[in-house]
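I set out to record how the parts of this model pack together. The entries below follow the order in which I looked things up.

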Amino acid sequence: PDEDERFAGFPRTWRINEPAGAQAFQKALRLSKKKPRRDTFIVKPSEGSEGNGIFLAQVPSDMPTLDFTNGGYVAQEYVDR
């Protein structure tokens, strides 16, 4: 199976551990901003933080300045089921 088939059903995910990853995720946020019903993304530190530092984002202005010194972040599209 190709990659799209293997990951069907999983939410879109971005590793934000460097500026290039942050730029790719910012692009997804800009596209979401143009939709009538915006996508919601869950952003969390990639290192275990016991719930600290998790936030939701729908548009680029929801993103704080990120600190990449502690391993970066993971962003996933929220899937409403």
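Entry 1, Phe 25. I listed the contacts of Phe 25 (heavy atoms within 4.5 Å), leaving out residues up to four places away in sequence, and found Trp 14, Ile 16, Phe 41, Val 43, Met 63 and Ala 75. I note that this is a predicted model, in which local features need pLDDT of at least 70 and side-chain atom pairs count only at pLDDT 80 or more, while totals for chains, interfaces and linings use all residues. Residues are numbered from 1 along each chain as its sequence is written, and side-chain values use heavy atoms, with hydrogens and water left out.

Entry 2, the core. I then looked up the largest nonpolar core, a core being a set of buried Ala, Val, Leu, Ile, Met, Phe, Trp, Tyr and Cys residues joined through side-chain atoms within 4.5 Å. It has 14 residues, of which Trp 14, Ile 16, Phe 25, Val 43 and Met 63 touch the most other members. At least two residues of this core come from each of β1, α2, β2, β3 and β4. The most are given by α2, with 4 residues. Helices (H or I, at least four residues) and strands (E, at least two) are DSSP runs, numbered from the N terminus.

Entry 3, helix α2. I checked the length of α2 (residues 19-33): at 1.5 Å a residue its 15 residues should span 21 Å, and the end C-alpha atoms are 21 Å apart, which agrees. The expected span is 1.5 Å times one less than the number of residues. Which residues of α2 are buried (under 20% relative accessible area, 1.4 Å probe, protein chains only)? I found Gly 21, Ala 22, Phe 25, Ala 28, Leu 29 and Ser 32. They cover an arc of only 115° around the axis, which puts them on the same side of α2; the arc is that of the directions from the axis to the C-beta atoms. On the other side of α2, I found Pro 19, Gln 23 and Lys 27 exposed, that is, over 50%.

Entry 4, Ser 32. This residue of α2 counts as buried because its relative accessibility is 0%. Beyond four places in sequence, I found Ser 32 touching Arg 38, Asp 39, Phe 41 and Gln 58.

Entry 5, the sheet. I traced 4 strands in an open sheet, ordered β1-β4-β2-β3 with antiparallel pairing (at least two DSSP bridges between paired strands). Each of β1 and β3 stands at an edge with a single partner strand, so one side of each lacks a neighbour in the sheet. The buried residues of α2 pack against β1 (13-16), β2 (41-45), β3 (55-57) and β4 (73-77).
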